[in-house]
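Here are a few exercises to work through with the model open in your viewer. Try each task before you read its solution.

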Number of protein chains: 2
Amino acid sequence: MAVVLRPAQAIKLVHDFSLALVRDGEPDLSSRQIAILLTIYLEPPPHHVRDLARKLGVTKPVITRALDSMGKLDLVSRRRDERDRRDVVIQRTVKGALAVERIGDLLAEQAQQLPP
Amino acid sequence: MAVVLRPAQAIKLVHDFSLALVRDGEPDLSSRQIAILLTIYLEPPPHHVRDLARKLGVTKPVITRALDSMGKLDLVSRRRDERDRRDVVIQRTVKGALAVERIGDLLAEQAQQLPP
DNA sequence: CCCGTTTAATACGGCCCCGAAACGAGTTTG
DNA sequence: CAAACTCGTTTCGGGGCCGTATTAAACGGG
């Protein structure tokens, strides 16, 4: 059963969700960072910088920098691939998994509270 | 009828939506800017800087700067309130209304395509 | 074994945003 | 009317992200 959402409901949902993100004071993730983070947690590993850059349609430095900043927040981690040491494998963290869950719960809750 | 959205579906929805925002290349709005823009278009006027700052839980300069940048994109406009010239009234624009509609349509479409 | 290719990271110059504090104009109050 | 208050903006010092171009390390075919 597909999720049915009228455009007017969708607008309110985006509004409530953005507002919740802003108000909860957590470090602000950009759209890019959210897309990267959720890709890492939704799609099966392994993840490499080049794949993420291609999937998001951005340049590789964008991914490197996003991993730098999200790494500082302990939302993802990196390690060299020993089989091909040019590669970097991006890994999940406990804190990142919790952050992803929080995002899902937050949106599901906002959707639940939408007026008909 | 409330919108029913399981957390796992919500995560995928946020992912697809963020990805669509990143990929379409339009000037990137931050969470704050999206929250401000949608508040202006969802809630009844008049809107003042102080109200938006209070509703979003941010300082007034944040609102001023967001209005500056969104004004440059012609998504909102401002004028002095002649009845109390300290006040600034924030107004909608045609381009802003279209951008809001686009956001709603984008999310509704992503929701429609969610697997059950 | 060398040289072209691939990979991620870094350097660069530019632009935008942050919160706190100070500011200028306008209004209200005593 | 002068002092206090309100409102939005600007200033200040600091930080982050952007894309392009370049770099350094590692791989691999000839």
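**Exercise 1. The surface near DNA strand C**

Task: In this predicted model, find which helices each supply at least two residues of the surface near DNA strand C. Then describe that surface by residue class and pick out the residues that come nearest.

Solution:
- Step 1. Begin with chain A, where helix H3 (49–56) and helix H4 (60–72) each supply at least two residues.
- Step 2. Go on to chain B: here helix H2 (31–42) and helix H4 (60–72) each do so.
- Step 3. Sort the residues by class, and you get eleven charged, five polar and five nonpolar ones.
- Step 4. Among the 21 residues around the strand, those that come nearest are Thr64(A) from chain A and Arg32(B), Gln33(B), Val62(B) and Arg65(B) from chain B.

**Exercise 2. Backbone or bases?**

Task: Of the atoms of DNA strand C within 4 Å of the protein, work out what share belongs to sugar or phosphate. Then look at individual polar contacts with Arg50(A), Arg86(A) and Arg65(B).

Solution:
- Step 1. Sugar or phosphate accounts for 70% of those strand atoms, and bases make up the rest.
- Step 2. For a phosphate contact, turn to Arg50(A): a polar atom of its backbone is 3.1 Å from a phosphate oxygen of DNA strand C.
- Step 3. For base contacts, turn to two arginine side chains. An N or O atom of the Arg86(A) side chain is 3.2 Å from a base oxygen, while one in the Arg65(B) side chain is 3.0 Å from a base nitrogen.

**Exercise 3. Three salt bridges in chain B**

Task: The whole structure has 14 salt bridges over all chains. For the pairs Asp16(B) and Lys12(B), Arg50(B) and Asp87(B), and Arg78(B) and Asp68(B), say where the partners lie and whether each is buried or partly exposed.

Solution:
- Step 1. Asp16(B) and Lys12(B) form a salt bridge at 2.9 Å, N to O. Both sit in helix H1 (residues 7–23) of chain B, four residues apart, which is about one turn of the helix. Asp16(B) counts as buried because its relative accessibility, 13%, is under 20%, whereas Lys12(B), at 31%, is partly exposed.
- Step 2. Arg50(B) and Asp87(B) form a salt bridge at 3.2 Å, N to O. Arg50(B) belongs to helix H3 (residues 49–56) and Asp87(B) to the loop between strand S1 (76–80) and strand S2 (88–92) of chain B, so this pair ties together parts that are 37 residues apart in sequence. Arg50(B) is partly exposed at 40%, and Asp87(B) is buried at 15%.
- Step 3. The closest N and O atoms of Arg78(B) and Asp68(B) are 2.4 Å apart. This pair links strand S1, which holds Arg78(B), with helix H4, which holds Asp68(B), ten residues apart. Arg78(B) is partly exposed at 36%, and Asp68(B) is partly exposed at 37%.

**Exercise 4. The surroundings of Thr93(A)**

Task: Locate Thr93(A), then find which backbone oxygens lie by a polar atom of the Thr93(A) side chain.

Solution:
- Step 1. Thr93(A) is in the loop between strand S2 (88–92) and helix H5 (94–112) of chain A. Its relative accessible area is 14%, so Thr93(A) is buried.
- Step 2. A polar atom of the Thr93(A) side chain lies 2.8 Å from the backbone oxygen of Asp74(A). For the backbone oxygen of Leu75(A), the distance is 3.2 Å.
- Step 3. Leaving aside residues up to four places away in sequence, Thr93(A) touches Tyr41(A), Val76(A) and Ser77(A) as well as Asp74(A) and Leu75(A).

Definitions and conventions: Residues are numbered from 1 along each chain as its sequence is written. Chains are lettered from A and ligands numbered from 1 in the order in which they are written. This is a predicted model: local features need pLDDT of at least 70, side-chain atom pairs count only at pLDDT 80 or more; totals for chains, interfaces and linings use all residues. Side-chain values use heavy atoms; hydrogens and water are left out. A residue is near a molecule or strand if one of its heavy atoms lies within 4 Å of it. A polar contact is a pair of N or O atoms within 3.5 Å; within protein, one must be able to donate a hydrogen and the other to accept it, and residues adjacent in sequence count only if both atoms are side-chain atoms. Ala, Val, Leu, Ile, Met, Phe, Trp, Tyr, Cys and Pro count as nonpolar, Asp, Glu, Lys and Arg as charged, and the others, Gly among them, as polar. A salt bridge is a side-chain nitrogen of Lys or Arg within 4 Å of a carboxyl oxygen of Asp or Glu. Buried means under 20% relative accessible area, exposed over 50%, partly exposed in between (1.4 Å probe, protein chains only). Contact means heavy atoms within 4.5 Å.
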